Amino acid sequence: MDTGAPPHFTQLVFEVFFRMAKKEFQAESKRLLDLMIHSIYTHHEIFLRELISNASDATDKLYYNAMQEGRTGVTRDSLPIRITLDKDKRQLTLSDNGCGMTAEEMEENLGTIAHSGSLAFKQQMDAGDQDEVSIIGQFGVGFYAAFMVAKQVEVISRAETTGECSRWVSDGADGYTIAPAERASSGTDIILTMKDNTDNENFDEYLDPYRVQSIVRKYSDYIRYPIQMDMPRSRVKEGSDPEKPEYEDYMELTTLNSMVPIWKKAKSELTDDDYNNFYKSKFYDFKDPALHIHMNTEGAVTFNALLFVPASAPFNYYTKDYEKGLQLYSNGVLIMERCADLLPDHFSFVRGLVDSADLSLNISREMLQHDRHLKLIANSLEKKIKSELLGLLKNDRDKYEGFFKAFGVQLKYGAYVEYGAHKELLQDLLMYESSSENKLVTLEEYVSRMQEDQTYIYYACGESPAKISLLPQMERLRDKGYEVLYMSDPIDEFCVKMLRDYQGKEFKSITDGDLGLESEEEKQEIQKLTADNQALLDQIKDALDGKVTKVQLTSRLKSHPCCLSTEGAVSLEMEKVLKAQRMGDEPEIKAERVLELNASHPIFHKLSALVGDKDKLKTYADILYTQAQLIEGIAPEDPVAYANAVCGLLSE
Ligand code: ADP
């Protein structure tokens, strides 16, 4: 051996960066760790699920590489995950034969909190709107969960890539050490020394083989590698008298999990609980899903799919951080964590997985996008999701409404985008609040109970159903007994404009110019009144100085003196939404306002008397216009001028 040879490069790196000195956790990790150590979370047991899932991911990576390189002799069964219990040392060890980690990867993965599950957890924790307990259950917190039960965590890992082996040890939040170590083959051992028991907590349970077996079965049954542990057994002692048999205890290496992925099992074998537990552990939700869909499809393309509609929206669902997609497996092997092409945007809330033997294991992302099988699968998933949602609407209204409150905006957005290309698919899934019932109604329900003389589906937009119901324009419709849909999501009116009609009935905003409410007689009467008062209307329009495109008389009002309506494509609600979304120096898009006056209101007679008194008429016109805007939820451009004008009148 040439002892004078320079040390290997990685060895040098090791010595420079990873000396035995204790390192501090990154500040964010430290906080998370503190939380874990002092956790009051009652389901400590999930620590095992988290560690097994990491072990399985690491084994997947090794298995995948072996398949890619065409290595022979590597089967799933040859890559077991092993649990060892040592009651005397109070240690639970979890060993895998996965890809392992280099010292640098240990530093990166275990010392910082930049990883998916844990990062999401931290963000939620920072948002501070939920208590610790529910967030732990919601996300799973990965590796750090070990600190809920262990006072010391030791990780010995040998990287498949470099053969380098290191030991990472931490006693808690004050830091960790990394040093070189030995391990015969690639993989990782996680050695947990259990916390001391307290009056309230007993950590010995994680050293009891039966308890550990039941945790593994509960959370990790579907893991596709054997999870093995020595289980106590009893047998007849060799050579003992068959008449009076003597028994001896022994330990037998036992595979604890069934390994058959749940999606490959027959539906008849599975209960709702099986689906719900699988969903919660795999997708880190703490609530049961609103719906599960299990498909075993054979035909043009053969696949199994297991889809879930969550009961509530993930905290980042309506942000750009949310990534849609389903896990994609080829014959049981994970080939993509989030395959976006399997889900249309309007169903981006669906979580789950697809497994198809028709897809090649080595397919690249680019090729996958154009894959014919994938397109067929995506189409059939879309149809199935729609029909299952309709089924839920029909059979479990409360649950559907809960779903719709969480994800309805996404469905409306889906009906709006791409010039309404998906409206046929989505319109039956939409729901709105309504003037007739204090609950959500579907378009089908609305149309089925329209009055005989009613031509349009009426809708009104505003901040909230309560505010909309107070709009002056509502009075006439209410008198007629027409139901009005209340729309208070910013996307609503854009969506309705794209839907245009439903079952041949056109949508009509209650602020539209012509509501189709007036009889011929009323129309003629308005025409006559307009002709008689043309000079007044012209003067009011001039006085408003370009703020409105028209001033006209209306029969749609009852007790109010005036209201605003609009002409053209942009309504007042749309103007508000567009204004809120306006960026930088983009031109402002304004609705074309029409001031409508109620000719039978006393104020109108007052106005008539002011023809000729230009200044006074302007004061009245400004006040009425501002009030009409206020009713629509639009703040006056000059509140001081408005207040002064009102005060002026009050002090007359
Ligand atoms: P997450 O699993 O959400 O990424 P974790 O905190 O559980 O976060 O783990 C952090 C990272 O540490 C993992 O992403 C993985 O790279 C690495 N890791 C954890 N356990 C193992 C293991 N048994 N074998 C190899 N790498 C592991």
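**Buried charges and strand pairing in a predicted model**

Strand 16 (457-461), helix 16 (492-499), strand 21 (562-567) and strand 22 (592-598) are among the elements that cover the buried residues of helix 19, where helices (H or I, at least four residues) and strands (E, at least two) are DSSP runs numbered from the N terminus. Those buried residues of helix 19 (residues 572-581) are Leu 572, Glu 573, Met 574, Glu 575 and Val 577, buried meaning under 20% relative accessible area, exposed over 50% and partly exposed in between, with a 1.4 Å probe and protein chains only. The model is predicted, and local features need pLDDT of at least 70, side-chain atom pairs count only at pLDDT 80 or more, and totals for chains, interfaces and linings use all residues. Residues are numbered from 1 along each chain as its sequence is written, while side-chain values use heavy atoms, with hydrogens and water left out.

Glu 575 of helix 19 forms a salt bridge with Arg 593, with 2.7 Å between the closest N and O atoms; a salt bridge is a side-chain nitrogen of Lys or Arg within 4 Å of a carboxyl oxygen of Asp or Glu. The pair links distant parts of the chain, since Arg 593 belongs to strand 22 and Glu 575 to helix 19, 18 residues apart. Arg 593 is buried, with a relative accessible area of 3%, and Glu 575 counts as buried at 7%.

Helix 16 takes part in another such pair, in which Lys 412 and Asp 492 form a salt bridge whose closest N and O atoms are 2.9 Å apart. Here Lys 412 sits in helix 11 (residues 397-420) and Asp 492 in helix 16, 80 residues apart; Lys 412 is buried at a relative accessible area of 4%, and Asp 492 is buried at 1%.

Glu 632, in the loop between helix 21 (614-631) and helix 22 (639-650), is also buried but has no salt bridge, the nearest side chain of opposite charge being that of Lys 576, 5.7 Å away; in this count Lys and Arg are positive and Asp and Glu negative, with His and the chain ends not counted. The side chain of Glu 632 does make a polar contact of 3.2 Å with the side chain of Gln 473, a polar contact being a pair of N or O atoms within 3.5 Å, of which, within protein, one must be able to donate a hydrogen and the other to accept it, and residues adjacent in sequence count only if both atoms are side-chain atoms. Not counting residues up to four places away in sequence, Glu 632 touches residues including Leu 572, Glu 573 and Lys 576, contact meaning heavy atoms within 4.5 Å.

Arg 476, found in helix 15 (residues 474-480), is buried with a relative accessible area of 14%, and a polar contact of 3.4 Å joins its side chain to that of Glu 522.

Elsewhere, strand 7 (residues 227-236) pairs with strand 1 (residues 81-86) in the parallel sense over 3 bridges and with strand 8 (residues 247-255) in the antiparallel sense over 9 bridges, where two strands pair if DSSP finds at least two bridges between them. Gln 228 in strand 7 is the bridge partner of Arg 82, and Leu 253 in strand 8 is that of Asp 230.

Across the protein there are 22 helices and 22 strands, buried residues make up 50% of the 652 residues, and the structure holds 38 salt bridges.
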